[in-house]
Amino acid sequence: MVVKRFMFIRPGETDWNRLNRWQGQVEIPLNAHGIEQSKRLAQFMRPLGIQTLYSSNLRRASDTAKILASTLNTKPIYDQRLRERHMGEWQGLVLNEIKTWYPKKYKQLRARPFEYQIEGGESRRQVMARVQACFADILARGGGETIGIVSHTTAIMTILSVLTKNEDAFD
């Protein structure tokens, strides 16, 4: 069966979202509001006919996927290639901390947003390569006319930038 429609879904809220902390690949659970968001989203998505649901294996995404799957009557398929960008030494920090503690590195990131690799982490280009490979595998597998993909901001934006052939979609 050929995939005709796919939906990108971000995980529900975490406490770190509220604090604007860069989560990266830190395992942060959904907070109460994030659980409620996921339950409401599942009800909204029920009539859309998702046959297959893929998800990042990070906790906030997998918890969201489990909530969706229970309502959509499917089982999530987890793939670590759908994870958020690894933010290396910046994981857990807020933007002002990054700008203050790593001013030169932050300027390098802003000057070369796709190429700059955070120490201990990934560049956007690296995220794009792994997410693009995963997306190609998902499309090749099929699994229904409508599929859902629970992933994260940078991972989703890289897919969208490839699909629209517009790297400026990030900014």
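Start by selecting F8: across from this residue, in β4, stands I149. Keep in mind as you click around that this is a predicted model.

**The sheet**

Now widen the selection to the strands F8 and I149 belong to. β1 and β4, the latter covering residues 146–150, run parallel and are joined by 5 bridges. Bring in the rest of the sheet, and you have 4 strands in the order β1-β4-β2-β3, an open sheet with parallel pairing. Look at the two ends: β1 (5–9) and β3 (76–78) are the edge strands, each with a single partner, so one side of each has no neighbour in the sheet. Turn the view to see the twist, which averages 25° from one strand to the next.

Next, colour β2 (52–55). β2 pairs with β4 in the parallel sense over 4 bridges, and here S55 is the residue opposite V150. On to β3: the β2 and β3 pairing is also parallel, over 3 bridges, with L53 facing P76 across it.

Show the side chains of β2 while you're there. Which way do they point? T52 and Y54 go one way, L53 and S55 go the other, and all of them are buried. That fits the general pattern, because side chains in a regular strand alternate between the two faces of the sheet.

**Across the sheet: α6 and α7**

Select residues 124–141. This is helix α6, which lies across β1, β2 and β4 and runs at about 155° to β4.

Then pick residues 153–163, helix α7; its buried residues are T154, A155, I156, T158, I159 and S161. What covers them? β1 and α6 are included in the cover. Step just past the end of α7 and check the backbone at K165, where phi is positive, at about 55°.

**A buried glutamate**

Go to E84, in the loop between β3 and α4 (95–101). Does E84 sit buried or exposed? E84 is buried, yet has no salt bridge. Draw a distance to R60, the nearest side chain of opposite charge, and you get 5.2 Å; the salt-bridge cut-off is 4 Å, so that pair doesn't qualify.

Now show what touches E84. Leaving out residues up to four places away in sequence, the contacts are G24, Q25, L58, R60, E122, R130, H152, T153, T154 and A155. Two of those names, T154 and A155, should be familiar from the buried residues of α7.

**Q23 and its company**

Move to Q23, in the loop between α1 (15–19) and α2. Q23 has a relative accessible area of 8%, so this residue counts as buried. Apart from neighbours within four places in sequence, Q23 contacts T14, W16, N17, I28, R60 and Q91. R60 turns up here again, having also appeared among the contacts of E84. For a distance check, try Q23 to D63: 40 residues apart in sequence, and 16 Å apart in space from C-alpha to C-alpha.

**Last stop: α2 against α3**

Finish with helix α2 (residues 32–45) and helix α3 (residues 59–72). Their axes come within 9 Å and cross at roughly 35°, and the crossing is right-handed. Which residues make the meeting? Show I35, S38, K39, L41, A42, Q43 and M45 from α2, then T64, I67, L68, T71 and L72 from α3.

Technical notes. Residues are numbered from 1 along each chain as its sequence is written. This is a predicted model: local features need pLDDT of at least 70, side-chain atom pairs count only at pLDDT 80 or more; totals for chains, interfaces and linings use all residues. Side-chain values use heavy atoms; hydrogens and water are left out. Two strands pair if DSSP finds at least two bridges between them. Axes are lines fitted to C-alpha atoms, for helices over the stretch in contact, and angles run from 0 to 180 degrees between N-to-C directions. Contact means heavy atoms within 4.5 Å. Buried means under 20% relative accessible area, exposed over 50%, partly exposed in between (1.4 Å probe, protein chains only). Lys and Arg count as positive and Asp and Glu as negative; His and the chain ends are not counted. A crossing is left-handed if the near helix is turned anticlockwise from the far one by less than a right angle, and right-handed if clockwise.
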